[in-house]
Structure formats: C-alpha cells, structure tokens
Amino acid sequence: LAEGAGDYFQSLSSAQSEQASTRDKLARLALKANQVEELTQENLRLRQMLELRERLGTTAIAAEILFEAADPYTRKVILNKGLGSQIEPGSPVIDEDGVIGQVTRVHPLVSEVTLITDRDQSIPVLNVRTGGRSVAQGDPISQHPGSLELRYMAANADVQVGDLLTTSGVDGVYPPGLPVATVAHVERRTDSAFA
C-alpha cells in the first residue's frame with residue numbers, strides 16, 4: 001500500500017511538472033505566433049504606405065537532370081522538361097540545397113540550364129550574418145572545381161569562413177532568401193585594396 005501510494009505521488013509530481021513545461025512552451029509559441037501576426041500586419045501597412053506591389057507568387061515545376069552538357073568549357077546540364085511543360089528561358093533552377101542555375105535554352109522536350117558555377121554566370125548575393133551584398137561569379141580557375149568567387153570585396157569586408165550567402169533578390173530573377181553558397185575560404189591580399 002505504501003509502495004503504491006509512493007508511485008502514485010511520484011507519477012502525479014511528474015505529470016504536474018510535465019504539464020507546467022507544456023504550458024510554458026505553449027505560452028512561448030503563442031507569443032511567437034502573435035509577433036508573426038503583428039509583423040505581417042506591419043509589413044502590409046508599410047507596403048501600402050510606400051505603394052509597393054505585392055510579392056509575386058512563384059510556381060515550381062519538378063524536373064530531372066538527364067545529363068551534363070558535353071562542352072568542357074561550360075557548366076551546363078540538360079533537364080527532362082521543355083516547352084511542353086511551360087519551362088521559360090531565364091527561369092531560376094533550384095534543388096533541395098538552394099540555387100543551382102538558370103534556364104538558358106528551351107527545346108520542345110528538354111531544357112538547358114547554365115549552372116551558377118559557370119565562368120560566365122553571376123548572381124547577386126546577401127551575406128546573412130552581416131547583411132552585406134555582393135556578386136558571386138563562377139570561378140573557372142579555382143583549386144576547387146564547382147565553386148564561386150566573390151570578387152572585388154573591400155579588403156576590410158566582414159566575410160568569414162562559414163558565412164551563408166543567399167540570393168538578394170535585386171536582380172529580379174531569383175527570389176530573395178534562397179541559399180546559394182557557404183564561404184569556404186577568404187583570401188586577403190596585402191598588395192591590393194580588394195579581398
């Protein structure tokens with residue numbers, strides 16, 4: 001009887017502490033939900049005051065990469081969707097990790113995508129940590145194939161290894177906030193004004 005009473009009070013105490021913890025989590029979630037609603041309303045009011053247009057909704061079409069283009073001097077892949085699937089030239093192409101390129105040619109059944117690592121491609125990026133904007137360009141002569149380079153950064157620019165770069169949205173091609181790259185190496189040149 002004493003053992004049963006002890007188990008009862010122990011489980012009661014455990015249930016009460018779990019209930020208190022759940023109430024605390026619920027209160028924090030309610031606060032976050034309230035803040036999101038307030039920010040949404042504030043954003044809407046600011047857009048109306050500034051007479052900004054509403055953000056455009058984006059549509060997505062799933063496609064499969066068939067093969068890489070045979071040209072050794074470019075970085076292009078061929079997708080299994082084309083004009084018949086309403087693929088348009090200039091459309092951004094993303095995968096689960098972020099931006100991979102842009103549609104450059106569309107044929108009836110397939111499309112050609114130029115990867116952002118191509119030497120002729122560039123993409124405006126935003127450093128998430130600092131808010132600094134830059135342009136990432138394909139780097140054909142890198143020691144790391146398939147990488148990008150941030151050229152002409154000020155020598156004192158606040159860029160660190162591990163910084164996440166996302167699309168800035170200023171080009172009108174890529175929506176803002178899509179992951180593009182992570183900084184792997186920073187080279188500061190003492191003989192130049194640029195890093």
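Is R28 buried, partly exposed or exposed, and what is its relative accessible area? Selecting this residue in the predicted model gives the answer: R28 is partly exposed, with a relative accessible area of 48%.

**First stop: helix α1.** Keep R28 selected and add D24. Both residues belong to helix α1, which covers residues 2–50. They are four residues apart, about one turn of the helix. Their side chains form a salt bridge, with an N to O distance of 3.1 Å. D24 has a relative accessibility of 42% and therefore also counts as partly exposed, since that class lies between 20% and 50%.

**Second stop: two strands.** Select E112 and K76 next. A salt bridge joins their side chains at 3.5 Å, N to O. This pair connects distant parts of the chain, as E112 lies in strand β5 (residues 111–115) and K76 in strand β2 (residues 76–79), 36 residues apart. Both E112 and K76 are buried. Now add R105 to the selection: K76, R105 and E112 are linked in a network of salt bridges.

**Third stop: two loops.** Move to D158 and R129. These residues form a salt bridge whose closest N and O atoms are 2.9 Å apart. Here too the pair links distant parts of the chain, 29 residues apart. D158 is found in the loop between β8 (148–150) and β9 (164–167), and R129 in the loop between β6 (122–127) and β7 (133–138). D158 is partly exposed, at 41% relative accessibility, and R129 is likewise partly exposed, at 41%.

**The whole structure.** Finally, clear the selection and view the entire model. A search of the whole structure finds seven salt bridges, among them the D24–R28 pair.

Methods
Residues numbered from 1 in each chain as written. Predicted model: local features only at pLDDT ≥ 70, side-chain atom pairs only at ≥ 80, totals over all residues. Heavy atoms only, no water. Salt bridge = Lys/Arg side-chain N within 4 Å of Asp/Glu carboxyl O. Buried < 20%, exposed > 50% of the residue type's maximum accessible area, 1.4 Å probe, protein only.
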